[in-house]
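This text walks through one structure from the inside outward. Keep the sequence and the 3D view side by side while reading.

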Amino acid sequence: MEVLKFDGFINEIVNRQSLKKTAGVALIYQNKILLVHPTGAGWKRAACGIPKGGIEPGEEPFDAALRELKEETGILLAPNLLDPDPQVVNFYSKDGAFKGQLIYFMAEINDLSVVGLDSTKVPKSQLQEKEVDWAKFVDPNEAYSITSRGQLLILDRHLELRTK
């Protein structure tokens, strides 16, 4: 009898066609992460996340991530600034059923001008208003309070929480 190792099990789940896949970019600047707030989501619950969206048929996740960043925030990121190795966050329903995954790519920049910004807040005129009403590089303390539960793992992986 063949024993399926954990990695094989995860890969089997990930390869299902019915799986909802999205792609995004975790963009870091001076230990701050770029978060977007969905239009109409309200601010009473944590709803922010990295710029992300659906992967179109035939599109590679890397290309989808760059496209979604540009569409939602107006930020055009040079592909060579992204780490080409994808990272994954899986999503589950309240009853534990596997729902889908976010495939994201990480980029760390040292200068905002590299992405065409002169402040940590993305001008409203650059935002795709029907999907995003606010975008900003946020420090870890604020990020943890406004990021959707499903994306907290991204903060854990890429931000350094500093105590005073």
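In this predicted model, the largest nonpolar core has 25 residues, and L27, L34, L77 and F137 are the members that touch the most others in it. Strand 1, strand 2, helix 2, strand 5 and strand 6 each supply at least two residues of this core. In soluble globular proteins, nonpolar side chains tend to be buried together. A second core, separate from the largest one, has 17 residues, including I28, I50, L102 and A143.

F137 is a useful residue to select when looking at the largest core. Leaving out residues up to four places away in sequence, F137 touches L27, I28, Y29, K32, I33, L34, I109, L112, L117 and T120. Among these contacts are L27 and L34, which are also listed with F137 among the residues that touch the most other core members. I28, another contact of F137, belongs to the second core.

The next step is the order of elements along the chain. There are four helices and six strands, and their pattern along the sequence reads α-β-β-β-α-β-β-β-α-α. The chain has 164 residues, and 40% of them are buried. Among the contacts with a separation of 6 or more, 62% are between residues 24 or more positions apart.

Helix 2 covers residues 61-73. With 13 residues at 1.5 Å a residue, helix 2 should span 18 Å, and its end C-alpha atoms are 18 Å apart, so the expected span and the model agree. Which residues of helix 2 are buried? They are A64, A65, L66, R67, E68, L69, E72 and T73. The elements that cover them include strand 1 (20-29), strand 2 (32-38), strand 3 (52-54), strand 5 (98-109) and strand 6 (132-138). After helix 2 comes G74, which has a positive phi near 75°.

K52 shows how strand 3 meets helix 2. K52 is in strand 3 and counts as partly exposed because its relative accessible area is 29%. Beyond its neighbours within four places in sequence, K52 is in contact with T22, A23, G24, E68, E72, L102 and Q151. Two of these contacts, E68 and E72, are among the buried residues of helix 2. R67 of the same helix is 15 residues from K52 in sequence, and their C-alpha atoms are 8.9 Å apart.

The loop between strand 1 and strand 2 contains Q30 and N31. Neither is a glycine, yet phi is positive in both: about 50° for Q30 and near 60° for N31. Are these two residues buried or exposed? Q30 counts as exposed because its relative accessibility is 52%, whereas N31 counts as buried because its relative accessibility is 11%.

Another loop joins strand 5 and strand 6, and V122 and L127 both lie in it. V122 counts as buried because its relative accessibility is 2%; L127, at 8%, counts as buried too. V122 is in contact with L34, T73, I75, L117, L127 and A135, leaving aside neighbours within four places. On the same terms, L127 touches E72, T73, V122, V132, D133, W134 and A135. T73 and A135 thus appear in both lists of contacts, and T73 is one of the buried residues of helix 2. The C-alpha atoms of V122 and W134 are separated by 7.5 Å, with their positions twelve residues apart along the chain. L127 and V36 are 91 residues apart in sequence, but their C-alpha atoms are 9.4 Å apart in space.

The last feature is the largest pocket, which holds about 890 Å³ of space. Its lining has 29 residues, and F91, K99, S148, G150 and Q151 lie nearest its centre. Strand 1, strand 2, strand 3, strand 4 (87-92) and strand 5 each give two or more residues to this lining. What classes of residue form the lining? Ten are nonpolar, eleven polar and eight charged. Q151, one of the residues nearest the centre of the pocket, is also in contact with K52.

Note on methods
Residues numbered from 1 in each chain as written. Predicted model: local features only at pLDDT ≥ 70, side-chain atom pairs only at ≥ 80, totals over all residues. Heavy atoms only, no water. Expected span 1.5 Å × (residues − 1). Buried < 20%, exposed > 50% of the residue type's maximum accessible area, 1.4 Å probe, protein only. Contact = heavy atoms within 4.5 Å. Core = buried A, V, L, I, M, F, W, Y, C linked by side-chain atoms within 4.5 Å. 1 Å grid on protein atoms, 1.4 Å probe; cavity = no way out; pocket = protein on both sides within 12 Å on 5 of 7 lines; lining within 4 Å. Points joined across faces, edges and corners; volume = space filled by probe spheres on them. Nonpolar A, V, L, I, M, F, W, Y, C, P; charged D, E, K, R; others polar.
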